Structure formats: C-alpha cells, structure tokens
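Q: Please take a close look at a single loop and at what surrounds it. A connected account would be preferred to a list.

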Amino acid sequence: MPANIRPISRDVPLIQLGVYQCRYPVSEDRSVPGGHRFCAAPTSADRVYCDHHHSIVTAVDPRRARPGLQLPHRRAA
Ligand SMILES: [Zn+2]
C-alpha cells in the first residue's frame, strides 16, 4: 500500500507529490523546493487536481468566466 497517498488534503511539498495527487498549491513555504505546499488529495487518472480544486480551476478559466469579453466589432459610422 503506497504510503504517499493521503485520504485528505494536506500541505505537501512538490517533491513528495505522487502521480495521482492534487497539485493545487494551498500554501506558501519558502523552506521547501518550489516555494509552495500542495493539496495532495487523490485525483482521477486524467487530472492533476482533485475534484474540489478541479472545479475551482475550471470556474476561473478566463475563457469561460468572461463570456462577454470579446474584441469590439462595432465601429463608429
Ligand atoms: Zn486538491
């Protein structure tokens, strides 16, 4: 049984992250390589974030968050 898979989110430095652990940075820590600690909750095989953080990341996708932001097409006649 892999010892590096944790059932709940914990601050984990990048070097301790497993392949299927959430890579969402949850806190800063200058004492670890990369300067951040990560969620490390279990992820699906095709995702780098856990379900919780995946929903956060997709919610703030600028292409989805700003449907009205487009290049202006109208011109003054
Ligand atoms: Zn996460």
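A: Helices (H or I, at least four residues) and strands (E, at least two) are taken here as DSSP runs, numbered from the N terminus. In these terms A41 belongs to the loop between β3 and α1. A40 lies in the loop between β3 and α1 too, and the helix that follows spans residues 51-59. The model is predicted.

The setting of this loop is as follows. The protein chain contains two helices and three strands, arranged along the sequence as β-β-β-α-α. The strands make up an open antiparallel sheet in the order β1-β3-β2. Its edges are β1 (12-13) and β2 (25-28), each of which pairs on one side only. Strand β3, at residues 36-38, is joined to β1 by two bridges in the antiparallel sense. One bridge partnership links P13 to R37 of β3.

As for the backbone of the loop, A40 has a phi near 70 degrees, a positive value in a residue other than glycine. Most residues other than glycine have a negative phi.

The surroundings of both alanines can be judged by counting neighbours. A residue is buried if 20 or more other C-beta atoms lie within 10 Å of its own. A40 is therefore buried, because 25 other C-beta atoms lie within 10 Å. A41 is likewise buried, because its count within 10 Å is 22. Across the protein chain, buried residues account for 17% of the 77 residues.

Both alanines also belong to the largest nonpolar core, which has nine residues. Its other members are V12, C22, Y24, F38, C39, Y49 and C50. In soluble globular proteins, nonpolar side chains tend to be buried together.

F38, which falls within β3 (residues 36-38), connects this region to several parts of the chain. Leaving aside neighbours within four places in sequence, F38 is in contact with V12, L14, L17, C22, R23, Y24, P25 and V26. Among these partners, V12, C22 and Y24 are members of the core as well. Y24 also offers a reference point for the loop: the C-alpha atoms of A41 and Y24 are separated by 9.2 Å, although the two residues are 17 apart along the chain.

For the chain as a whole, 30% of the contacts between residues at least 6 apart in sequence join residues at least 24 apart.

Definitions and conventions. Residues numbered from 1 in each chain as written. Predicted model: local features only at pLDDT ≥ 70, side-chain atom pairs only at ≥ 80, totals over all residues. Pairing = 2+ DSSP bridges. Buried ≥ 20, exposed ≤ 12 C-beta atoms within 10 Å, placed from the backbone. Core = buried A, V, L, I, M, F, W, Y, C linked by C-beta atoms within 7 Å. Contact = placed C-beta atoms within 7 Å.
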